[in-house]
Amino acid sequence: FSSLAFAAFNAFTLTGRGDPEQLIGWHVSATMLPTLGLEPAIGRNLSAAEDRPGGERVALISHGMWQQRFNRDPSIIGQALTLDGSPHTIIGVLP
C-alpha cells in the first residue's frame with residue numbers, strides 16, 4: 001500500500017440555514033482525498049491538525065450542495081455550517 005485513509009458514513013443535522021435538514025455525509029481522515037487522487041474543486045483539503053481528536057471542526061461540502069444550496073458562491077469558503085449543534089468551518093468543495 002502506498003496510502004491509507006479512513007471513512008465512515010454518518011447522518012448529520014444541519015441547522016441555522018432555514019429548516020433543520022438531515023444530511024448523509026462522511027467522517028474522513030485527512031488522507032482520504034490524496035489517497036483517491038482528488039483535490040477540492042475550490043478551497044483546501046483537511047489538515048493533519050484537523051484530523052486529530054480535539055482538532056478544529058471543518059467541513060468539505062459536496063459539489064451538488066454547493067450548487068443547490070449556495071448557488072456556486074466561491075465565498076462559501078470560511079463560512080460556518082452548524083452540524084449536530086456544533087459549528088464547522090467550510091474549507092472546501094468536493095469535485
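Biologist: Let's start in a loop: Arg72 is found between helix 2 and strand 5. Why is Arg72 called partly exposed?

Modeller: Keep in mind that we are looking at a predicted model. The relative accessible area of Arg72 is 46%. Buried means under 20% and exposed means over 50%, so a value in between is called partly exposed. Arg72 therefore counts as partly exposed. Its backbone deserves a look as well: Arg72 has a positive phi of about 55°, although it is not a glycine.

Biologist: Where does Asp84 lie, and what makes Asp84 partly exposed?

Modeller: Asp84 sits in the loop between strand 5 and strand 6, which covers residues 86-93. Its relative accessible area is 46%, and the range for partly exposed runs between the 20% and 50% cut-offs. Asp84 is therefore partly exposed. Asp84 is not a glycine, yet it has a positive phi of about 55°.

Biologist: Now for Ser86 and Ser47. How do you know whether Ser86 is buried or exposed?

Modeller: Ser86 has a relative accessibility of 19%. Buried means under 20%, so Ser86 counts as buried. Ser86 belongs to strand 6. Setting aside neighbours within four places in sequence, Ser86 is in contact with Arg57 and Leu81.

Biologist: What makes Ser47 partly exposed?

Modeller: Ser47 has 25% relative accessibility. Because buried means under 20% and exposed means over 50%, Ser47 counts as partly exposed. You will find Ser47 in the loop between strand 3 and strand 4. Ser47 and Thr31 are 16 residues apart in sequence, and their C-alpha atoms are 8.7 Å apart in space.

Biologist: On to charged pairs. How many salt bridges does a search of the whole structure find?

Modeller: The search finds two. Here is the general idea: side chains of opposite charge can pair when their charged atoms come close.

Biologist: Why is the pair of Glu21 and Arg69 called a salt bridge?

Modeller: The closest N and O atoms of Glu21 and Arg69 are 1.9 Å apart. The cut-off for a salt bridge is within 4 Å, so this pair qualifies. The pair links distant parts of the chain, with Glu21 in strand 2 (residues 21-28), Arg69 in helix 2 (residues 63-70), and their positions 48 residues apart. Glu21 is partly exposed, with a relative accessible area of 31%, and Arg69 counts as partly exposed at 30%.

Biologist: What makes Arg44 and Glu50 a salt bridge?

Modeller: Their side chains meet at 2.6 Å, N to O. With a cut-off of within 4 Å, this pair counts as a salt bridge too.

Biologist: Is each partner buried or partly exposed?

Modeller: Arg44 has a relative accessible area of 37%, so Arg44 is partly exposed. Glu50 has 14% relative accessibility, and because buried means under 20%, Glu50 counts as buried. Arg44 is in the loop between strand 3 (42-43) and strand 4. Neighbours within four places in sequence aside, Arg44 is in contact with Glu50, Leu60, Ile91 and Gly92.

Biologist: Which residues make up the largest nonpolar core, and what makes that set a nonpolar core?

Modeller: The twelve residues are Phe12, Leu14, Leu23, Ile61, Met65, Trp66, Phe70, Ile76, Leu81, Leu83, Ile90 and Val93. A nonpolar core needs buried residues joined through side-chain atoms within 4.5 Å, so that is what earns this set its name. Helix 2 gives the largest share of this core, three residues. In soluble globular proteins, nonpolar side chains tend to be buried together.

Biologist: What does Phe12 touch?

Modeller: Not counting residues up to four places away in sequence, Phe12 touches Glu21, Gln22, Leu23, Gly25, Trp26, His27, Leu83 and Asp84.

Biologist: Finally, how much space lies in the largest pocket, and which residues are the closest to its centre?

Modeller: About 1100 Å³ of space lies in that pocket. Of its 40 lining residues, Phe12, Trp26, His27, Val58 and Ala59 are the closest to the centre. Strand 2 gives the most to the lining, with six residues. By kind, the lining has 22 nonpolar, eleven polar and seven charged residues.

Key
Residues numbered from 1 in each chain as written. Predicted model: local features only at pLDDT ≥ 70, side-chain atom pairs only at ≥ 80, totals over all residues. Heavy atoms only, no water. Helix = DSSP H or I, 4+ residues; strand = E, 2+ residues; numbered from the N terminus. Buried < 20%, exposed > 50% of the residue type's maximum accessible area, 1.4 Å probe, protein only. 1 Å grid on protein atoms, 1.4 Å probe; cavity = no way out; pocket = protein on both sides within 12 Å on 5 of 7 lines; lining within 4 Å. Points joined across faces, edges and corners; volume = space filled by probe spheres on them. Nonpolar A, V, L, I, M, F, W, Y, C, P; charged D, E, K, R; others polar. Contact = heavy atoms within 4.5 Å.
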